[in-house]
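Biologist: I have just opened this one for the first time. Could you walk me through it?
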Amino acid sequence: MEIDPEVACPIAPVVDIVFSRWTTPILWSLNEYGRQRFVELERRITKITPKVLTQRLRQLERDGLVIRTYHPEVPPRVEYEISELGRSLAPLFATLADWAAVNLDKVADARQDYDAR
């Protein structure tokens, strides 16, 4: 009998939304620096390609975590900001940051031990 992963693990959909590659750096940047234009995000997240940044921003907007504002000027201007829903993830990220501070060295040690075998 096959079990639906979302039933077996109710946080699976959250993990899919929040921890997709590039989601956390984008949300962190928007939370840390406020409203930004595409180019500003691209400069801050140096290893992301423009195509991937566009895709992730669209998905985050669709998920309600980012707000996109179009300004019909010449030339047109588009800005992105984290939404209240996106901001509500702050305690989760703070908890993960605390966990990382305490445990990432242990993970590195475990990897080193494993690789040495």
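Modeller: Let me begin with a term: patches are made of residues with over 30% relative accessible area and no salt bridge, with like charges joined within 9 Å and nonpolar side chains (Val, Leu, Ile, Met, Phe, Trp, Tyr) within 5 Å. A salt bridge here is a side-chain nitrogen of Lys or Arg within 4 Å of a carboxyl oxygen of Asp or Glu, and accessible areas come from the Shrake-Rupley method with a 1.4 Å probe, where for residues only the protein chains shown count as cover. This is a predicted model, in which local features need pLDDT of at least 70 and side-chain atom pairs count only at pLDDT 80 or more, while totals for chains, interfaces and linings use all residues. Residues are numbered from 1 along each chain as its sequence is written, and side-chain values use heavy atoms, with hydrogens and water left out.

Biologist: Which residues make the nonpolar surface patch?

Modeller: Ile-11, Val-14, Val-15, Phe-19, Leu-92 and Leu-96 make a nonpolar patch of about 450 Å². Helix 2 (12-18) and helix 7 (90-116) are the elements that give two or more residues to the patch, helices being DSSP runs of H or I with at least four residues and strands runs of E with at least two, numbered from the N terminus.

Biologist: Is Val-15 buried or exposed?

Modeller: Val-15, which lies in helix 2, is partly exposed at 35% relative accessibility; buried means under 20% relative accessible area, exposed over 50%, and partly exposed in between (1.4 Å probe, protein chains only).

Biologist: Changing topic, how many aromatic pairs are there?

Modeller: The count is two aromatic pairs, where rings of Phe, Tyr and Trp (its six-membered ring) pair if their centres lie within 6.5 Å, and planes under 30 degrees apart count as stacked, over 60 as edge-to-face and the rest as tilted. Phe-19 and Phe-93 have ring centres 6.3 Å apart and planes at 85°, so this pair is edge-to-face. Phe-19 is in the loop between helix 2 and helix 3 and Phe-93 in helix 7, 74 residues apart, so the pair links distant parts of the chain. Trp-28 and Tyr-33 also form an edge-to-face pair, with 5.8 Å from centre to centre and 85° between the planes.

Biologist: What lies over the face of Tyr-33?

Modeller: Arg-44 does, at 3.8 Å from the ring centre; a charge sits over a ring if NZ of Lys or CZ of Arg is within 6 Å of the ring centre and within 35 degrees of the ring normal. Tyr-33 itself is partly exposed, with a relative accessible area of 44%.
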